[in-house]
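Colleague: I have just opened this entry and would like some help reading it. Could you walk me through it, feature by feature?

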Amino acid sequence: PRARQDWRWAGDHSAEVQKTGLGSSAALVTSLVAAILAHNGAVSLPAFGDDSSAVSDEDLALVHCLSQHCHCLAQGKIGSGFDVASATYGCIKYV
């Protein structure tokens, strides 16, 4: 059978669905930004499974800043930025 292309039949339940707040949108935006920057040679990222090469602080800062900007645009608001920073750097220490 052919997959149904029009999802409007399911109805709009967006008001009923609570946001999880797990940072999945930040992870998606950050990984997409990093991939686009790496593909275009703007940053140097290690290949999957290659632990021998570290990412420079400058490259991480570029990925972080651009990802934060894109995430704010996508969300329509300015958030705390902890989720984007965690997706970029791997962890956050709040002091």
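Colleague: Let's start on the outside. Which residues form a nonpolar patch on the surface?

Modeller: Keep in mind that this is a predicted model. The patch consists of F82, Y89, I92 and Y94, and together they offer about 450 Å² of accessible area.

Colleague: How do I read a single member, say Y89: in which helix is Y89 found?

Modeller: Y89 belongs to helix α3, which covers residues 82-89.

Colleague: And why is Y89 called partly exposed?

Modeller: Partly exposed is the class between buried, under 20% relative accessible area, and exposed, over 50%. Y89 has a relative accessible area of 40%, so Y89 counts as partly exposed.

Colleague: Now the inside. What should I expect of nonpolar side chains in general?

Modeller: In soluble globular proteins they tend to be buried together. Here, the largest nonpolar core has six residues: V29, V33, A34, L37, V43 and V63. Helix α1, residues 24-39, gives the largest share of this core, with four residues.

Colleague: Which residues does A34 touch, not counting those up to four places away in sequence?

Modeller: A34 touches V43, L45 and V63.

Colleague: Let me try a histidine. Is H71 buried or exposed?

Modeller: H71 is buried, because its relative accessible area is 7% and the cut-off for buried is under 20%. H71 sits in helix α2, residues 57-75.

Colleague: With which side chain does the side chain of H71 make a polar contact?

Modeller: With the side chain of S25, at 3.0 Å. Beyond four places in sequence, H71 touches S25, A26, V29, D83 and V84.

Colleague: There is another histidine, H64. Where is H64 found?

Modeller: H64 is in helix α2 as well. H64 and A85 lie 21 residues apart in sequence, and their C-alpha atoms are 6.4 Å apart in space. Leaving aside neighbours within four places, H64 is in contact with V84, A85, T88 and Y89. Y89 is the residue we met in the surface patch.

Colleague: Let's step back to the whole chain. How many helices and strands are there?

Modeller: The chain has three helices and zero strands, and the order from the N terminus is α-α-α.

Colleague: What share of the residues counts as buried?

Modeller: Of the 95 residues, 20% are buried. The chain exposes about 7600 Å², with 60% of that supplied by carbon and sulfur atoms.

Colleague: And what do the contacts say about sequence separation?

Modeller: Among contacts between residues at least 6 apart in sequence, 54% join residues at least 24 apart.

Terms used. Residues numbered from 1 in each chain as written. Predicted model: local features only at pLDDT ≥ 70, side-chain atom pairs only at ≥ 80, totals over all residues. Heavy atoms only, no water. Patch = residues over 30% accessible without salt bridge, like charges linked within 9 Å, V, L, I, M, F, W, Y side chains within 5 Å. Areas by Shrake-Rupley, 256 points an atom, 1.4 Å probe, with all protein chains shown as cover. Salt bridge = Lys/Arg side-chain N within 4 Å of Asp/Glu carboxyl O. Helix = DSSP H or I, 4+ residues; strand = E, 2+ residues; numbered from the N terminus. Buried < 20%, exposed > 50% of the residue type's maximum accessible area, 1.4 Å probe, protein only. Core = buried A, V, L, I, M, F, W, Y, C linked by side-chain atoms within 4.5 Å. Contact = heavy atoms within 4.5 Å. Polar contact = N/O pair within 3.5 Å; in protein donor to acceptor, adjacent residues only side chain to side chain.
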